Amino acid sequence: MSQDVEIKENKTLDEFTKLQDLSSLEGLGGSFLVCPLDQYNVFSKENFSEEQKMFASTAQDFAVNRIKPVNDQLKKLNKDLSLELFKEAGDLGFLGIDIPEQYGGMELDKTTAAIVVDYLSACECPSFMVTLSAHTGIGILPIVWYGNEDQKKKYLTKFATGEWMGCYALTEPNAGSDALAGETTAYLNDEGTHYILNGQKIYITNGSWAEVCITFAKVGDKYTSFIVDKTCEGFVIGAEEKKMGIKGSSTVTLYFENCKVPVENMLGKLGQGGAIAFNSLYAGRYKLGITTAAGAKYTIKCAYDFALERKQFSRSITEFDMLKNKFAQMVVRTFEAYTVSYATTGSIDFSISKLDKNSDDYYEKMQKIIEDHAIEASIAKIVGSVSLAENADDGVQIFGGAGFIEEYPAAQIYRDERINRIFEGTNEINKLIIGGTFLKKAILEELPIRDQIYHRMEDYLPALTFSGDHELSSEISVIELSRSLMLDMLHRLILKYGQDLKNEQWALEPLADIVVCFSVMQMGFARYNQLPDGEHKKRMNCVVKYSIYRNFNILKERINMLVPYICANSEVGDVMDSINQRINDLKYIPDAIALKKSICEELYKHGKYYLG
Amino acid sequence: MKICVLMKQVASEDSPLSISNNIIDKASLNLVTNEPDSYALEEALLIKEKTNGEVTICTLGPESSQQVIKDGLAKGADKAIHIICDNTETMSSLDIAKIITKKIQNENFDLIFSGLQSNDYGFAQLGIIISELLDYSNACLVMGTEINENKLKIKKELENGWFQWSELKLPASLSIQSGINQPRYATLKGIMSVKNKPVDKIDFSELGLSLNAGYTIDEISIPQKSKQTQMIEGEVDDIVSQLTDILKNKIKVS
Ligand SMILES: Cc1cc2nc3c(=O)[nH]c(=O)nc-3n(C[C@H](O)[C@H](O)[C@H](O)COP(=O)(O)OP(=O)(O)OC[C@H]3O[C@@H](n4cnc5c(N)ncnc54)[C@H](O)[C@@H]3O)c2cc1C
């Protein structure tokens with residue numbers, strides 16, 4: 001390529017950039033989709049403030065020294081111990097992070113909330129983490145965001161200390177993923193003093209331990225939220241479910257049998273239940289991304305410690321390359337899960353920090369920001385839960401027969417892990433959200449996605465401002481080409497299906513997978529690229545390279561699947577030829593095995609996940 | 001009651017150790033608060049809460065020792081003194097005691113607490129020397145404290161599971177036995193209060209002391225962990241008498 005052409009390409013991009021000023025998209029949900037790598041930053045573990053590092057260390061202290069030693073007693077339901085630990089967590093401030101100061105909380109940023117659950121996860125007790133997270137997330141947030149002054153005073157002060165536990169009851173026998181199909185009803189009594197609730201909610205975490213329950217019922221045809229005290233007449237707690245995993249957490253059915261709820265306990269407005277139900281779930285998702293990333297991290301340690309001691313063929317099984325292969329991939333997955341989750345909290349915090357805390361609509365705007373990050377929250381949930389699932393599966397395999405025996409830890413990790421792909425919206429539902437949000441942001445022009453589609457059709461691989469000898473220059477091209485391919489796919493899908501795309505799951509699922517893979521590449525690259533030179537960056541090099549390699553492969557595979565499905569028969573050959581041509585032009589042939597070898601070597605040096 | 005707690009930053013137990021030219025590579029160490037010091041801090045905080053007192057943390061060490069101070073302030077100490085010094089590991093306990101004494105002698109602390117020992121060099125001398133330099137009463141291996149109207153009663157650990165209660169005059173310097181209390185965790189509120197608490201920072205060279213360790217370090221090495229096996233050979237009677245000799249006189253089985 002001649003010098004002239006290069007300059008020309010740069011200029012085109014400059015002009016385009018001025019037009020769009022893409023860097024101003026920082027803090028907008030989905031900005032990663034359109035911001036070229038040279039205009040994109042992420043928040044990551046390396047960016048913790050001094051104070052955040054201290055929050056992390058006190059959470060870890062408490063987890064390791066207080067909870068972990070009694071871990072065994074939480075393998076089955078142990079109400080007294082769970083409540084005792086819960087209360088202590090409250091005393092330390094871990095339950096009040098999202099609660100405003102005037103109600104006894106601290107109202108810290110979303111990243112800090114994430115850090116606390118991240119480092120508390122060092123207790124290696126998923127049951128307790130579920131108990132705690134259900135309280136601090138879906139239990140508390142609805143009242144923080146929608147509660148009136150009296151409700152906040154009455155409930156939040158006790159939620160912050162852990163004196164009261166909260167729960168969130170949305171799911172019903174006939175309303176799971178289709179949450180708004182709930183059949184629970186409420187009507188105002190003749191005296192106008194109480195709403196009378198009838199119905200049942202199933203699989204409710206903390207249900208039998210909580211003093212307070214946030215629930216939802218139809219008043220006429222208006223889906224409405226209520227705060228129900230355990231002491232309300234007609235509130236009945238069912239038996240504990242027998243579960244596959246997280247057996248130390250409480251999960252029950254709650255029955256409302258002419259349950260008398262005072263009128264002042266309606267949460268938000270009549271008919272606002274749907275918004276309350278969904279908005280509360282977004283925040284839970286990226287936090288689940290964090291706790292599952294942490295789980296993936298501890299699974300590595302657990303498998304490594306075992307493997308090191310286990311000898312076969314007169315050597316430690318860690319010396320076998322097939323196990324090294326597993327360990328290397330476990331590290332990469334953990335890196336990916338952490339990267340996307342903290343990128344999400346960081347972006348949300350960036351936008352929230354620009355709000356005026358004293359304005360009346362502060363919480364409304366905060367929620368809008370969180371809602372705006374729906375796509376990131378779902379990505380964090382999927383990447384985290386899948387990373388942990390795959391690590392847990394590899395973990396069992398590394399343990400061999402002992403992985404199947406309850407005396408060893410791998411089996412429990414395997415059972416406890418499974419729920420993460422189901423609750424907080426099944427991963428399928430989260431893929432629907434990713435695809436749907438991508439489509440919506442394009443159509444409503446919330447992001448300049450259509451402009452980018454137009455631009456990328458002209459120039460599939462625009463030159464960026466990185467220097468030519470950037471150590472990841474081929475990866476940069478891979479990611480930018482992937483962006484073009486992703487936008488191309490969206491474009492074709494919109495042309496073919498229009499708004500109906502959201503109902504075309506055969507096409508929407510691969511599209512969502514492409515977005516997930518792309519986000520992991522983009523955010524992983526940004527995390528790496530912004531690091532100062534040094535040991536940490538060196539260690540991350542192979543990890544980020546392998547991560548890009550593997551996600552690019554999945555992305556290509558999904559495109560191979562999509563194109564024949566959505567293009568006319570006569571077109572398929574040409575479209576695939578031109579896509580393959582562009583991919584081949586990259587001459588991207590990394591030595592993936594060499595990368596995995598180095599990753600594993602580094603892991604063995606540290607004896608645990610080594611990127612934070 | 002004004003209490004000073006001496007605290008130190010040390011390498012964590014799981015830090016990778018690499019030694020070259022008799023110098024421990026500090027860059028690779030994972031630095032944490034010396035664990036025995038956290039019992040001293042906890043004891044001080046308990047007394048503070050009972051007597052409406054004030055707790056000052058004092059540490060001597062490099063810039064990184066800020067971490068120790070912040071941890072302590074987050075747990076409830078009121079203020080801190082940081083004497084900055086990059087190479088305390090070549091100093092003797094006496095030198096360190098002199099530096100600290102020079103800095104705190106006019107603070108009129110009623111109590112000075114130190115941990116039992118530091119987990120890195122393990123001299124266990126500092127508290128004793130400081131009490132000598134400041135002319136404070138002293139007790140080591142303190143298992144419990146009781147304070148009543150400026151009277152200090154302490155429980156000391158003796159040999160063979162014996163304890164001793166004694167009364168000390170104030171001011172006093174005590175080294176606190178590990179495990180005598182349950183050190184608290186920093187609360188999030190505590191952590192957030194750190195930035196508003198005063199830290200008096202001074203470079204140790206400003207104290208104008210001339211120091212002389214009185215010894216030099218010839219060699220630093222990592223202890224050998226290997227087991228030793230001794231083969232006893234000879235006739236059965238020989239073996240038996242050698243073995244009984246070893247059991248009786250070397251291993252001292254009683
Ligand atoms: C241990 C545990 C704790 C829980 N805690 C709570 C809690 O605290 N509060 C609460 O309200 N709920 C809670 N739940 C319920 C949980 O959120 C639901 O189980 C979950 O949302 C799935 O709903 P469902 O079980 O009805 O499955 P269904 O919705 O029936 O789903 C069955 C399958 O169909 C798929 N599916 C459904 N709809 C679609 C679609 N449109 N497109 C593609 N695929 C689809 C799903 O992905 C899934 O694979 C908990 C569940 C468990 C097991």
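This is a short tour of a predicted model, from chain B across to chain A and its ligand.

**Stop 1: chain B alone**

Hide everything except chain B. Colour by secondary structure. You should find 6 helices and 13 strands in chain B. Now turn the C-alpha trace of chain B along its principal axes. The spans are about 75 × 45 × 40 Å.

Next, consider packing. Chain B has 254 residues, and 31% of them are buried. Then consider how the chain folds back on itself. Take the contacts in chain B with a separation of 6 or more: 70% of them join residues 24 or more positions apart.

**Stop 2: where chain B touches chain A**

Bring chain A back. How many residues of each chain are in contact here? The count is 9 residues of chain B against 10 residues of chain A. To find the chain B side, select helix H2 (66-75) and helix H5 (188-193), which each supply at least two of its residues. Which element gives the most? It is H5(B), with 4 residues. Colour this side of chain B by class: 6 residues are nonpolar, 1 is polar and 2 are charged.

**Stop 3: the two domains of chain A**

Hide chain B. Select 167-271 of chain A for domain 1 and 282-428 for domain 2, as given by the domain assignment. Give each its own colour. Taken over C-alpha atoms, the centres of the two domains of chain A are 30 Å apart.

Zoom in on the place where the domains meet. Domain 1 of chain A puts 4 residues into the contact, and domain 2 of chain A puts in 5. On the domain 1 side, 2 of the residues are nonpolar, 2 are polar and none is charged.

**Stop 4: the ligand**

Keep the domain colours on and centre on the ligand. Its surroundings comprise 20 residues. Which of them come nearest? Select Leu170(A), Gly176(A), Ser177(A), Thr426(A) and Glu428(A). Then show the elements of chain A that give two or more residues to the shell: strand E1 (166-169), strand E3 (194-205) and helix H14 (427-443).

Switch to colouring by class. The shell around the ligand holds 12 nonpolar, 6 polar and 2 charged residues.

Finish by going back to the domain colours. Where do the shell residues come from? Both domain 1 and domain 2 of chain A contribute, with at least three residues from each.

Terms used:
Residues numbered from 1 in each chain as written. Chains lettered and ligands numbered in written order. Predicted model: local features only at pLDDT ≥ 70, side-chain atom pairs only at ≥ 80, totals over all residues. Buried ≥ 20, exposed ≤ 12 C-beta atoms within 10 Å, placed from the backbone. Contact = placed C-beta atoms within 7 Å. Near = placed C-beta within 6 Å. Nonpolar A, V, L, I, M, F, W, Y, C, P; charged D, E, K, R; others polar. Domains from an automatic or database assignment.
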